[in-house]
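User: I should like to go through the salt bridges, buried residues and cavities of a model, with the criteria behind each term. Please take the questions one at a time.

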Amino acid sequence: MPPSFDWHTWIRQSLPQEHGSWAFVLEPLLIATVLDPGKFGLIAIGTFLLFLGFRPFQIGMKDLLKRKRYPRTLPSTIAGCSLGFVGLSCLVLSANWLATSWILGMGVLFLTVSKFTQPRALVRETVGALLAVPVAVLAAPYAAEVLVIRPIVSILGVRGFLARWPDHVMSRWLAVAGGFTMLLFALTAFPLDNSKFVAYLMCAIRALELALTPKFKRTPSTLGAVEAILAVAVIVSWSAQGF
């Protein structure tokens, strides 16, 4: 490795770049884990490692396919392959073949969509936000609709507020409609005084608040912080069994 190699820059470039992607992956994985750690613990670890390994693997493979060698090529390839191998090993060791099939299937779907769409295309962001959701659905099938709609509402709300794409107005109001739909499904899955219902109510209110205040100044980091807080609230609500 050249002595001038900038490890800090490489690590920053190798981490997932999509806004909110960490929360979208971790939230359903942690929900499944708190509900049944024995059944979904290894699945969660494996899925998260695959998530972390995707970008360095992508960077390394692009360089190799172009027959280029940069300082980043070797560490990216090693990191991506290592994380991918350990992640896949966790999925196999879990012996949870249904969850493994869903995760790998969603990964293939994401790669296919990514190949034919722009990086910030709505369909690509939506599929990316749903990558790990099947694990939570398998752990709590009675709340499947809520679990699926939740990341979509978040994607639409933030996308609509940022107003960087032509579909921003439609995205804002679709987020509101999705928020109310999520609440209707939450009503059928949880009692009104249940912490889970309260958490998803907060998510719906957030979508409405973003839609009604499009000119309010917020930085992307502020938006991300609020979304992270909501994700923590949702995870905590699922860990509070019976409340």
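User: What makes the contact between the side chains of arginine 159 and glutamate 125 a salt bridge?

Analyst: A salt bridge requires a side-chain nitrogen of Lys or Arg within 4 Å of a carboxyl oxygen of Asp or Glu. The side chains of arginine 159 and glutamate 125 meet at 3.4 Å, N to O, so the pair satisfies that limit. The two residues lie 34 residues apart, arginine 159 in helix H8 (residues 144-162) and glutamate 125 in helix H6 (residues 122-129), and the pair thus links distant parts of the chain. Helices are DSSP runs of H or I with at least four residues, and strands are runs of E with at least two, numbered from the N terminus.

As to the source, this is a predicted model, in which local features need pLDDT of at least 70 and side-chain atom pairs count only at pLDDT 80 or more, while totals for chains, interfaces and linings use all residues. Residues are numbered from 1 along each chain as its sequence is written, and side-chain values use heavy atoms, with hydrogens and water left out.

User: Why is glutamate 125 called buried, and is arginine 120 buried or partly exposed?

Analyst: Buried means under 20% relative accessible area, exposed means over 50%, and partly exposed lies in between (1.4 Å probe, protein chains only). Glutamate 125 has 8% relative accessibility and therefore counts as buried. Arginine 120, at 32%, is partly exposed. The side chains of these two residues also meet in a salt bridge, at 3.5 Å, N to O.

User: Which residues are linked with Glu125 in a network of salt bridges?

Analyst: The network of salt bridges links Arg120, Glu125, Arg159 and Asp167. A search of the whole structure finds 8 salt bridges.

User: Which helices do the buried residues of H6 pack against?

Analyst: They pack against helix H2 (21-35), helix H5 (97-116), helix H7 (133-139) and H8, where contact means heavy atoms within 4.5 Å. The buried residues of H6 include Glu125, Val127 and Ala129.

User: What makes the pair of arginine 206 and glutamate 227 a salt bridge?

Analyst: Their side chains meet at 3.4 Å, N to O, which means that the pair meets the salt-bridge criterion. The pair links arginine 206 in helix H10 (residues 195-212) with glutamate 227 in helix H11 (residues 220-239), 21 residues apart. Arginine 206 has a relative accessible area of 10% and is therefore buried; glutamate 227, at 12%, is likewise buried.

User: How many cavities are there, and what lines the second largest cavity?

Analyst: The count comes to 2 cavities of 30 Å³ or more. A cavity is a set of points, on a 1 Å grid over the protein atoms alone, where a 1.4 Å probe fits but cannot get out; lining residues have an atom within 4 Å of a point. The volume is the space filled by probe spheres set on the points, which are joined across faces, edges and corners. The second largest cavity has a volume of about 60 Å³, and its lining includes Arg150, Cys203, Arg206 and Glu227. H8, H10 and H11 each supply at least two residues of this lining.

User: Which residues line the largest cavity?

Analyst: Phe24, Glu27, Pro28, Ile31, Ala129, Val133, Leu147, Arg150 and Pro151 line the largest cavity, whose volume is about 80 Å³. The largest share of its lining, 4 residues, comes from H2.

Notes:
On a 1 Å grid over the protein atoms alone, a cavity is a set of points where a 1.4 Å probe fits but cannot get out, and a pocket is an open set with protein on both sides within 12 Å along at least five of seven lines; lining residues have an atom within 4 Å of a point.
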